[in-house]
Amino acid sequence: MYRIAVIGGRPAPITGAKELGIDVVLVHEEGAYDPSIAEHCERIVHVPINDGPAILAALRPLHAERPFDRVLTTTEPAAESTGYVVDALGLPGVSEATARALKDKALTRELLDKHGISPVRYTMVSSPEAAAAFADEVGGDIVLKPVDGVASLHIHLAANAGEAAEAWTRLDADGITGIIAEEFLTGPVVSVDSFSYAGRHVPIGYSEYRMNDRYVEWEVSTPSRYAVPHLDALRTLTVQLLDAVGLTEGPSHSEFVLTPQGPRVLESHARLAGSGAPELVRRAFGCDLNRWFMTVPLGIDTLPETSPEPIGGAAVRFFTPEPGVVTEVQLADDLDIEIRRKPAGVVPLVFLPHLDEFADQDVAAFVAKNPGEEIPPLLTVADCVSGYVIASGRDADDAVAKCEDVNTRVRFHIG
């Protein structure tokens with residue numbers, strides 16, 4: 001039997017581990033995971049998932065008794081702490097330095113500049129005056145955001161020096177201590193999901209998004225129609241990016257803006273993507289990134305030699321009703337798909353409940369709100385809490401159309 005430790009995250013990547021001959025020690029925080037995941041684990045250890053020394057203290061005795069083959073994570077809050085443990089135990093995997101290089105957007109930009117790829121003007125700004133000066137220097141739209149931000153939270157667009165100073169002040173008032181300013185990149189946002197092993201990177205899926213005016217992505221579809229004309233450049237840039245940050249193993253999710261000057265790196269992460277993207281890649285490209293998360297590093301599965309061609313399309317669309325208190329949820333009588341509903345008062349412990357159970361369904365949906373429950377404003381991806389629909393299709397357009405059809409027939413009435 002192989003033995004791995006998995007730090008935090010959602011249950012999907014370790015489902016079926018025992019059948020694959022893998023013992024999993026899950027390190028998580030009590031109350032922050034679905035208890036049913038225990039059936040896939042050798043044991044569960046309760047430790048703060050962002051505390052590297054605490055995780056190491058818990059795992060080192062277990063490692064001494066029976067060594068781990070890998071220590072892995074697929075959640076952003078545990079990226080650096082997992083790297084700390086990987087380094088301390090001398091295991092292959094994502095090092096703390098690589099995890100930090102991807103989490104710190106200024107360090108990512110610095111490394112890209114060092115390797116002469118994806119030029120984007122940026123700077124750290126420590127005052128309203130510095131933000132205004134950078135806006136004047138760029139002479140066009142800029143973006144201010146947390147240097148280690150996630151989930152589209154606290155992103156501010158500024159068109160001039162005055163707006164830049166105002167944006168910095170708002171971020172500071174929100175308690176953001178590290179603020180990066182970047183030139184605004186004009187063009188569609190696309191992503192590339194990749195997998196790496198022994199320093200070899202294979203770009204797999206490529207997706208695109210629909211988002212609101214706060215840059216909250218409420219729909220993901222794959223394969224991206226926008227990406228096709230830029231596919232060679234995107235794949236080349238992805239490999240260069242992953243080499244620049246020192247990634248050698250595991251999944252990665254990189255986002256790009258297709259500017260008039262070509263693709264530019266927006267950000268990258270050494271983990272599986274959120275919003276159900278691995279399931280979309282499985283449906284559209286036939287590659288199970290959730291399974292590979294465990295099996296490729298252990299040598300159970302082998303990476304393909306080249307990037308796969310799509311075998312279809314897939315999309316996930318979050319329901320995005322207006323904010324307020326729900327008075328009624330109506331489902332069309334002729335809505336003939338698999339639908340699950342959240343029991344009233346229950347708080348889901350995973351972001352996309354039932355996603356694994358929908359794997360064999362062409363179209364399926366989860367409705368997460370009941371009368372009396374509140375729908376928050378859509379300020380971050382984490383606010384996409386009203387449910388979702390996922391669909392496969394002949395291509396991405398077909399999958400998006402199926403999602404849109406379901407969305408129009410699930411009605412949330414707000415009081």
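Here are some worked exercises on this predicted model.

Residues are numbered from 1 along each chain as its sequence is written, and side-chain values use heavy atoms, with hydrogens and water left out. Since this is a predicted model, local features need pLDDT of at least 70 and side-chain atom pairs count only at pLDDT 80 or more, while totals for chains, interfaces and linings use all residues.

**Exercise 1: a strand and its partners**

Task: find out whether strand β1 is mostly buried or exposed, and which strands are joined to β1 by bridges.

Solution.
- Step 1. Get the terms straight: strands (E, at least two residues) and helices (H or I, at least four) are DSSP runs, numbered from the N terminus. Buried means under 20% relative accessible area, exposed over 50%, and partly exposed in between, using a 1.4 Å probe and protein chains only.
- Step 2. Look at β1, residues 2-7: 5 of the 6 residues are buried, so the strand is largely enclosed by the rest of the structure.
- Step 3. Now go for the pairing, where two strands pair if DSSP finds at least two bridges between them. Strand β2 (residues 22-28) runs parallel to β1, with 6 bridges joining the two. For a landmark, V6 has L26 as its bridge partner in β2.
- Step 4. Strand β4 (residues 70-73) is also parallel to β1, joined by 4 bridges. Here I4 has R70 as its bridge partner.

**Exercise 2: helix α3 and two packing partners**

Task: work out how α3 is oriented against α2 and against α4.

Solution.
- Step 1. Axes are lines fitted to C-alpha atoms, for helices over the stretch in contact, and angles run from 0 to 180 degrees between N-to-C directions. Under 35 degrees counts as roughly parallel, over 145 as roughly antiparallel, 65 to 115 as roughly perpendicular, and the rest as oblique.
- Step 2. Helix α2 (residues 79-89) packs against helix α3 (residues 96-103) at about 165 degrees, their axes 7 Å apart. The two helices are therefore roughly antiparallel.
- Step 3. Which residues make that contact (heavy atoms within 4.5 Å)? On α2 they are A79, E80, G83, Y84 and D87, and on α3 they are E96, A99, R100 and K103.
- Step 4. Sort them by class: Ala, Val, Leu, Ile, Met, Phe, Trp, Tyr, Cys and Pro count as nonpolar, Asp, Glu, Lys and Arg as charged, and the others, Gly among them, as polar. The α2-α3 contact has 3 nonpolar, 1 polar and 5 charged residues.
- Step 5. Swap partners: α3 and helix α4 (residues 105-114) have axes 5 Å apart and pack at about 100 degrees. That pair is therefore roughly perpendicular.
- Step 6. R100, A101, L102 and K103 of α3 meet K105, L107, T108 and L111 of α4. The class count for this contact is 4 nonpolar, 1 polar and 3 charged.

**Exercise 3: a four-stranded sheet and its helices**

Task: give the strand order of the open sheet of 4 strands, then place α5 and α6 on the strands.

Solution.
- Step 1. The order is β5-β8-β6-β7, and the pairing is antiparallel. β5 (122-124) and β7 (156-158) are the edges; each has a single partner strand, so one side of each lacks a neighbour in the sheet.
- Step 2. From one strand to the next, the twist averages 20 degrees.
- Step 3. Inside the sheet, β6 (residues 142-146) and β8 (residues 179-183) run antiparallel, joined by 5 bridges. P146 has I179 as its bridge partner in β8.
- Step 4. Helix α5 lies across β5, β6 and β8, at about 145 degrees to β6. Helix α6 lies across β6, β7 and β8, at about 10 degrees to β6.
- Step 5. The axes of α5 (residues 128-138) and α6 (residues 161-173) come within 7 Å and cross at roughly 145 degrees. P128, A131, A132, A135 and D136 of α5 touch A161, A164, A165, W168 and T169 of α6. By class that makes 8 nonpolar, 1 polar and 1 charged.

**Exercise 4: a histidine in a strand**

Task: describe where H269 sits and what H269 is in contact with.

Solution.
- Step 1. H269 belongs to strand β13, residues 262-269.
- Step 2. The relative accessible area of H269 is 4%, so this residue is buried.
- Step 3. Leaving aside neighbours within four places in sequence, H269 is in contact with E76, L102, P251, S252 and H253.

Methods:
Contact = heavy atoms within 4.5 Å.
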